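Q: Hey, can you walk me through the empty spaces in this one? I'd like to ask things as we go.
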Amino acid sequence: MTDAPDAISEVVGLVSELIRFDTSNTGDPATTKGEEECARWVAARLEEVGYETEYAEAGAPGRGNVFARLRGSDPDRGALMIHGHLDVVPAEPADWSVHPFSGAVSDGYVWGRGAVDMKDMVGMTLAVARHFKRAGIVPPRDLVFAFLSDEEHGGTYGGQWLVDNRPDLFAGVTEAIGEVGGFSLTVPTRDGGERRLYLIETAEKGLSWMRLSARGRAGHGSMVHDDNAVTAVAEAVARLGRHQFPLVLTDSVAQFLAAVGEEMGVDFDPASPDLDGAIAKLGGIARIVGATLRDTANPTMLKAGYKANVIPATAEAMIDCRVLPGRKAAFEREVDELIGPHVTRTWERDLPSVETTFDGDLVDAMNAALLAVDPDARPVPYMLSGGTDAKAFVRLGIRCFGFAPLRLPPDLDFSALFHGVDERVPVDALEFGTEVLEHFLSHC
């Protein structure tokens with residue numbers, strides 16, 4: 001099969017095809033179509049080159065997940081899982097320059113919902129997996145390729161369900177790589193030049209959705225009431241929304257700031273009154289970095305009442321909480337002080353923070369793969385302010401990293417593309433990432 005395409009030559013086509021599947025995840029099973037059609041397409045692409053695949057529905061019809069394993073040369077080593085999610089957040093076509101599910105390839109980009117979150121990595125993984133099978137490449141260890149559902153709503157019908165109900169699919173897996181890491185950040189250097197840093201995710205904040213609720217005395221809106229549930233919840237929400245939690249530098253964030261400061265000649269001193277201003281010099285990525293300096297609790301939803309002249313007996317609010325590793329107990333104490341004794345809190349979703357160290361053979365293999373394709377690369381660890389399926393896998397003792405390599409244009413606001421309008425990924429970034437991933441998986 002000398003005329004068979006290699007991974008780099010087919011990756012753009014695969015990503016474009018993946019984007020054409022509308023796998024929008026609204027978070028409501030009644031309005032979410034599901035990932036089955038896309039998952040079965042992925043399985044077919046793997047099977048046509050010789051893989052045995054397993055399709056698993058995660059607790060609900062249409063919530064499809066696909067697994068395939070490529071045996072390595074050393075059966076005694078733990079397996080490496082390469083995972084990506086097939087679902088995407090919804091998109092409104094009227095807001096876009098192109099149709100969000102067109103998978104259009106133009107102006108040097110592949111366009112569409114999921115182009116960076118995360119059908120780019122799914123396509124690169126699929127391209128490399130197909131190439132390895134066609135070429136008869138045997139990796140150093142078993143590789144488990146996992147294509148998952150429902151990541152965009154916490155993995156209830158994806159990673160979390162699979163860990164609880166199908167742990168056999170992860171047999172032997174000790175380490176994993178997934179999304180939102182390995183991408184380049186170009187920074188100005190102290191000598192007037194530029195340096196490409198590649199951000200490898202070694203940590204992510206916990207994701208916890210908190211419901212606040214209060215009960216009061218129902219009554220007529222024309223009368224005086226000193227026991228109003230709406231007032232109690234509103235005051236608690238205002239205190240939380242305006243509160244700044246204490247600055248805490250985890251190891252991942254400290255190492256990131258030290259590396260960036262060394263290149264830029266900027267002192268990211270935690271004691272500086274203008275630390276936020278210094279971080280703003282990083283451009284778009286400052287949105288993520290700034291959110292990893294402290295816990296956050298952002299009010300997102302309010303619910304109370306049914307008529308303008310009726311004081312309701314109950315009121316509720318939802319708070320999106322993102323908590324740093326090791327901070328959960330302290331965070332809860334601080335929240336309780338802020339909301340007071342008359343408001344009750346409950347966790348509607350409570351997924352753990354993740355943090356590992358930036359060392360070991362797998363990190364060495366990431367570094368070597370990046371340097372093999374970009375000799376000027378400098379890999380650095382960082383913390384993601386959001387969450388990934390790693391939150392499910394760490395429950396099995398799997399060491400997780402974000403490593404979906406992309407070499408990006410210096411002026412591209414990459415962080416704004418996640419869940420954004422006109423989401424797109426550069427064609428040459430896909431080709432670069434595929435080459436890095438191929439090198440990495442051949443030597444990991």
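Q: Which residues line the largest cavity?
A: Those are Val-116, Met-118, Asp-120, Met-121, Glu-179, Val-180, Gly-181, Phe-183, Ala-404, Leu-406, Phe-414 and Phe-418. A cavity is a set of points on a 1 Å grid over the protein atoms alone where a 1.4 Å probe fits but cannot get out, and lining residues have an atom within 4 Å of a point. Keep in mind that this is a predicted model, where local features need pLDDT of at least 70, side-chain atom pairs count only at pLDDT 80 or more, and totals for chains, interfaces and linings use all residues. Residues are numbered from 1 along each chain as its sequence is written, and side-chain values use heavy atoms, with hydrogens and water left out.

Q: What volume does the largest cavity have?
A: About 70 Å³, counting the space filled by probe spheres set on the points, which are joined across faces, edges and corners.

Q: And which residues line the second largest cavity?
A: Val-253, Phe-256, Val-289, Thr-292, Tyr-382 and Met-383. Two elements, α6 (251–264) and β17 (378–384), give two or more residues each to that lining. The second largest cavity holds about 40 Å³ of space.

Q: New topic: which residues of α10 are buried?
A: Leu-362, Val-363, Ala-365, Met-366, Asn-367, Ala-369, Leu-370 and Val-373 (buried means under 20% relative accessible area with a 1.4 Å probe, protein chains only). Helices here are DSSP runs of H or I with at least four residues, and strands are E runs of at least two, numbered from the N terminus.

Q: What do they pack against?
A: Among them are β3 (79–85), β7 (173–178) and α13 (427–443).

Key: 1 Å grid on protein atoms, 1.4 Å probe; cavity = no way out; pocket = protein on both sides within 12 Å on 5 of 7 lines; lining within 4 Å. Buried < 20%, exposed > 50% of the residue type's maximum accessible area, 1.4 Å probe, protein only. Contact = heavy atoms within 4.5 Å.
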